[in-house]
Amino acid sequence: MNWQGELNKYLASAYKNWLISRRNVFTLFELFFWPMISLLSIGLLTRFLKVDSSMVSFLLVGAIALTILQVAQIDVAYVLLFDMWSKSIKNTFIAPINSYHLVFGAMLFGILRGSVVFFILAMVSRYLFGFNFQDGGLLPLLIFLAGVFSTAAVIGITVCISILTFGQKADVAAWSLSGMILLISGIYYPVEVLPQLLQTLARAIPLTYFLEYYRSVFIPGPHNLAIGVFLAVFYLVLGLILLDGAIERARRTGILLRLSE
Amino acid sequence: MTEKPIKAAGICKTYKGFLGSSATVLHDISLEIEEGEIFGLLGPNGSGKTTLISIFSTLIFPERGSLSILGMDARRHNKEIRKFINISTAKPNFPWSLTVRENLRYYGMLYGLHGSALSRTVEDQMDAFELGEFRDMKFENLSTGLKQRLSLAKAMLNQPRLLFLDEPTTGLDPDISIKTRMLIKRIHQEQNISVVLSTHYMPEAEMLCDRIAFLRKGRIVAMDTPRNLKRHLGLGERIVVTYEGSVDIAALQGLPGVLAIKSERDRLEIVIDRVEDSLDRIVKLFCAARILNITVREPDLEDVFLELAR
Ligand SMILES: Nc1ncnc2c1ncn2[C@@H]1O[C@H](COP(=O)(O)OP(=O)(O)O)[C@@H](O)[C@H]1O
Ligand SMILES: [Mg+2]
């Protein structure tokens with residue numbers, strides 16, 4: 001197969017997600033309403049608490065990271081969820097594609113949506129709360145966003161794996177992963193305030209490192225980007241291998257047919 | 001190509017539930033399908049048709065048995081096999097909010113089509129299945145018949161060498177069913193591909209299939225050409241005559257096209273090959289009797305299975 005055909009196998013999921021979300025009113029909520037609520041509520045909280053500007057940047061970076069993480073992870077999970085809801089999963093898995101075609105295509109669209117949300121929120125935080133993301137420079141920003149998006153992809157892949165393993169209802173369990181991330185990866189406070197056990201867990205999440213790295217651009221502090229990058233790549237590769245295993249298993253157990261009933 | 005489209009031996013499938021329950025739905029299925037034939041899987045609901053088609057199309061894997069599709073091992077080379085096969089599922093479903101055209105484009109992309117070849121293939125399939133005027137209609141707004149046609153069009157996107165059609169006419173209005181059957185016949189003739197189709201409707205299998213396997217409770221209970229099956233199993237149309245008086249049953253039995261006769265006191269059940277050819281002659285043999293009622297009905301599967309269960 002030529003490279004354009006191969007490329008289209010990846011782009012297919014992005015194309016589908018784009019068409020579906022374009023026609024879905026809920027997209028407006030996902031892209032504007034909820035992100036705005038979360039940013040405004042945190043921004044206003046910083047005013048109420050009269051925190052200094054470095055604390056404002058700390059909290060806004062956390063709020064924005066969490067928001068675009070949630071937008072992007074949904075896109076990766078949607079690649080299977082849409083198929084399941086429309087009962088068309090057989091048509092996807094009869095096609096000559098691999099798990100990574102689906103995941104990367106969906107991730108591409110997730111990155112696009114996440115970037116739109118980031119852009120809007122960055123403007124709002126600049127004009128309403130005086131925090132300018134550009135002040136840190138472009139490269140750190142891109143590295144930070146890459147960290148957020150790869151963590152999002154890992155969560156999305158985990159959702160897909162749980163659906164294929166435990167059936168339709170399982171997506172609920174996987175969604176709670178982003179709640180875990182909110183709690184332990186240092187979104188609104190440094191991980192040092194957590195009990196020791198949770199700190200250890202936090203050190204296993206790539207986002208923790210990317211947050212520390214990006215914040216150190218504004219407030220000097222220790223960080224270890226290399227570990228974050230390593231973990232992100234490690235989880236992505238592991239996730240794809242496990243997803244392939246889950247698909248293989250779904251073909252053995254027949255759950256693949258159940259999911260389209 | 002010399003290799004058979006499907007070579008299956010000793011296929012078994014067991015679905016395991018979460019709580020350790022398990023149900024074996026296919027037992028020791030062995031069959032071979034010849035290049036270019038339309039092969040029918042006929043059986044009532046729950047007999048395992050969808051499961052078998054899903055196994056043949058590599059959607060799911062069997063626990064036991066050997067299976068080769070287009071000369072490749074179905075387990076080891078399943079990804080390679082998928083390039084050359086396609087399926088139209090029972091009760092076809094596609095992403096609801098995508099239009100006919102967008103759905104075809106999306107699946108075309110999954111098959112690695114791109115650029116002008118993608119656009120051309122999508123247009124060709126819309127033409128072939130008369131979907132052009134519905135190209136911008138969302139899937140959720142299509143009638144059942146149109147959904148079925150879209151599903152067939154999607155199944156032809158990669159010009160498969162082996163095509164699976166799971167209950168292609170179930171749930172369609174009779175006139176749409178007929179049209180769909182003609183479409184299937186046409187695709188088969190024009191593309192010269194091998195087709196496996198499932199149905200629980202005997203006349204459909206008879207009209208379309210070169211050979212038929214009867215499935216019952218996950219086992220193949222008979223497999224042959226429709227003609228031979230009808231002969232051996234007495235599967236022609238059934239004429240049921242209630243009458244008073246006497247009839248020469250031996251003469252009836254001697255009529256050409258009469259496959260079987262079951263006689264009760266005032267009631268005869270005659271199984272024949274084709275109604276038009278023999279009805280007239282049959283009725284004439286009743287001239288000494290008084291006919292109270294005549295019904296002609298197509299054989300239904302219950303009859304078949306009662307027959308086979310003996
Ligand atoms: N994914 C599945 N998990 C568990 N049992 C199944 C599954 N699919 C089908 N079955 C059961 O297997 C049997 C055969 O079903 P199926 O292959 O769908 O038959 P048919 O297509 O002939 O109606 C039925 O009893 C059905 O309940
Ligand atoms: Mg079925």
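This briefing covers the interface, pockets, cavity and salt bridges of a two-chain structure. The model is predicted. Chain B buries about 3,500 Å² against chain A, counted over both sides. The largest pocket holds about 1,200 Å³ of space. One cavity of 30 Å³ or more turns up in a search of the whole structure.

**Interface of chain B and chain A**

- On the chain B side, 39 residues make contact, and they meet 38 residues of chain A.
- The buried area is about 3,500 Å², and carbon and sulfur atoms give 61% of it.
- Three residues, L59(B), M109(B) and L110(B), supply 19% of the area that chain B buries against chain A. No other three residues supply as much.
- Polar contacts link 12 residue pairs between the chains, with both partners at pLDDT 80 or more.
- Several elements of chain B give two or more residues each to the side that touches chain A. They are strand 1 (6-16), helix 1 (49-56), helix 2 (78-82), strand 6 (85-88) and helix 3 (100-110).
- Helix 3 of chain B gives the largest share of that side, at six residues.
- By class, the chain B side divides into 18 nonpolar, 11 polar and 10 charged residues.

**Salt bridges**

- Side chains of opposite charge can pair when their charged atoms come close.
- The rule finds 24 salt bridges over all chains.
- Three salt bridges cross the interface of chain B and chain A.
- One salt bridge joins R22(A) to E102(B), with the closest N and O atoms 3.9 Å apart.
- Within chain A, E30(A) pairs with R113(A), and their closest N and O atoms are 2.8 Å apart.
- E30(A) sits in helix 2 (residues 26-48) of chain A and R113(A) in helix 5 (residues 99-129) of chain A, so this salt bridge ties together parts that are 83 residues apart in sequence.

**Largest pocket**

- The space in the largest pocket comes to about 1,200 Å³.
- Its lining counts 44 residues. Nearest the centre are G254(A), L257(A), R258(A), E261(A) and Y15(B).
- From chain A, helix 4 (89-93), helix 6 (138-166), helix 10 (225-253) and helix 11 (255-258) each give two or more residues to the lining. From chain B, strand 1 and helix 1 do so too.
- Strand 1 of chain B gives the most to this lining, with four residues.
- The lining of the largest pocket has 11 nonpolar, 20 polar and 13 charged residues.
- Strand 1 and helix 1 of chain B also give two or more residues each to the side that touches chain A.

**Second largest pocket**

- About 450 Å³ of space lies in the second largest pocket.
- The lining of this pocket counts 23 residues. T121(B), M156(B), L157(B), N158(B) and Q159(B) lie nearest the centre.
- Two helices of chain B, helix 4 (115-128) and helix 6 (174-191), each supply at least two lining residues.
- Helix 4 of chain B gives the most, with five residues.
- By class, this lining divides into 10 nonpolar, eight polar and five charged residues.

**Largest cavity**

- The search finds one cavity of 30 Å³ or more, and the largest cavity holds about 50 Å³ of space.
- V79(A), L80(A), F93(A), L102(A), V103(A), C160(A), L164(A), L243(A) and I247(A) line the cavity.
- Helix 3 (53-85), helix 5, helix 6 and helix 10 of chain A each give two or more residues to this lining.
- The cavity lining has nine nonpolar residues, with no polar and no charged ones.
- Helix 6 and helix 10 of chain A also give two or more residues each to the lining of the largest pocket.

Conventions:
Residues numbered from 1 in each chain as written. Chains lettered and ligands numbered in written order. Predicted model: local features only at pLDDT ≥ 70, side-chain atom pairs only at ≥ 80, totals over all residues. Heavy atoms only, no water. Contact = heavy atoms within 4.5 Å. Buried area = accessible area lost by both parts, 1.4 Å probe. Salt bridge = Lys/Arg side-chain N within 4 Å of Asp/Glu carboxyl O. Polar contact = N/O pair within 3.5 Å; in protein donor to acceptor, adjacent residues only side chain to side chain. Nonpolar A, V, L, I, M, F, W, Y, C, P; charged D, E, K, R; others polar. 1 Å grid on protein atoms, 1.4 Å probe; cavity = no way out; pocket = protein on both sides within 12 Å on 5 of 7 lines; lining within 4 Å. Points joined across faces, edges and corners; volume = space filled by probe spheres on them.
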